[in-house]
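Q: Got a minute to walk through this one with me? I have the sequence and the model open.

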Amino acid sequence: MPYDAIIIGGSYAGLSAALPLVRARRTVLVIDAGLRRNRFADASHGFFGQDGSDPSAMVADAKAQLLRYDTVEWRDGTAVSARASGRLFAVTTDSGDEFEARRLILATGVRDELPDVPGLAERWGRSVFHCPYCHGYELNQGRIGVLASSALSIHHALMLPDWGMTTFFVNDAFEPDEGQLAQLNERGVTLVYGKVARVEGERAAIVMTDGSAWPCDGLFVLAKTQVASLVAEQLGCRLEESPVGQFIWTDALKQTSIAGVFACGDGARGAGSVPLAVGDGALAGTSAHRTLMFGL
């Protein structure tokens, strides 16, 4: 028998999408590769009631609560392909198993593509961040660096003085114009021109190609994102390119351009965070249930 829904991805959005479906006594299969986007971070901030919690514990608790329902199944693994099969959808995993469902919910997340700067990736999620709301407060109004990856990085540079003394490393990524320079000056941002050679130290010290070093308590960088799975593309879902990367297009109720396929979380938004992913998942789950009841 096919499932009512298969959810690809068992992190914040996927878990949140599953809950309303199983509470409606619908049969659900969750396929999860175990690669949360924030797996490098020790604490998650900004989520009501869970501020400062261990992200791994949050997901483990939510998974345990979900698995108390008898209409849900969990498979550890990667969904490697998905296709329409008549009025159903078929999903194949890396173990070669194939499962069918009446609805699909894609909660696959994204991959972050960082600038090619030595020392940056090793500190990602610990002293190198992308979200000021998630990590800025804990820097205690200290020395904050912003590493430019494109002209859009100026938005980071203009935001972050609310969290600490901000230095903007332009890194030859673009040339601020007069208006942007005036905005940066008004916000008290220090500009450093030239190429960044590497990031080093216990936190995130910037070392320039001229040998000068700039200690930072935290460093922010605008990563480029890619949808972490090919299944949306295989299904023919419309993908969109934003200034910060790729995501799956959805309507206001989280349905993709393919009827019966829903998407939620960071892979279906131009920007992401834990609370946004959770809300996205809840909407996708309830929307999928609505179509199971009343049709597409």
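Q: How many salt bridges does the rule find across the interface of domain 1 and domain 2?
A: It finds 0 there. Keep in mind that this is a predicted model.

Q: And how many residue pairs are in polar contact between domain 1 and domain 2?
A: That count is 0 as well, taking pairs with both residues at pLDDT 80 or more.

Q: What classes of residue does domain 1 put on the side that touches domain 2?
A: That side has 5 nonpolar residues, 3 polar ones and 2 charged ones.

Q: Back up a step. Where are the domains?
A: Domain 1 covers 3-112 + 225-294. Domain 2 is 115-221.

Q: How many residues does each domain give to the contact?
A: Domain 1 gives 10 residues and domain 2 gives 8.

Q: What area is buried between domain 1 and domain 2?
A: About 800 Å². Carbon and sulfur atoms give 56% of that.

Q: What separates the centres of the two domains?
A: 32 Å, taken over C-alpha atoms.

Q: Salt bridges again. How many does the structure hold?
A: The structure holds 10. One of them pairs aspartate 4 with arginine 102. Their closest N and O atoms are 3.1 Å apart.

Q: Which parts of the chain does that pair link?
A: Distant ones. Aspartate 4 sits in strand β1 (residues 3-8), and arginine 102 sits in strand β6 (residues 98-106). The two residues are 98 residues apart.

Q: Why can side chains like that pair at all?
A: Because side chains of opposite charge can pair when their charged atoms come close.

Q: New topic, hairpins. What joins β4 to β5?
A: 6 bridges. Strand β4 spans residues 79-85, strand β5 spans residues 88-93, and they run antiparallel. In one of the bridges, serine 85 partners leucine 88 of β5.

Q: What's in the turn of that hairpin?
A: There are 2 residues between the strands. Glycine 86 is in the turn, with a positive phi of about 65°.

Q: Now the sheet with β12. What is the strand order?
A: The order is β12-β13-β14, an open sheet of 3 strands with antiparallel pairing.

Q: Which are the edge strands?
A: β12 (196-200) and β14 (213-214). Each pairs on one side only.

Q: How many bridges join β12 to β13?
A: 4, with β13 covering residues 205-208. Among the partners, valine 196 is matched with methionine 208 in β13.

Methods:
Residues numbered from 1 in each chain as written. Predicted model: local features only at pLDDT ≥ 70, side-chain atom pairs only at ≥ 80, totals over all residues. Heavy atoms only, no water. Domains from an automatic or database assignment. Contact = heavy atoms within 4.5 Å. Buried area = accessible area lost by both parts, 1.4 Å probe. Salt bridge = Lys/Arg side-chain N within 4 Å of Asp/Glu carboxyl O. Polar contact = N/O pair within 3.5 Å; in protein donor to acceptor, adjacent residues only side chain to side chain. Nonpolar A, V, L, I, M, F, W, Y, C, P; charged D, E, K, R; others polar. Pairing = 2+ DSSP bridges.
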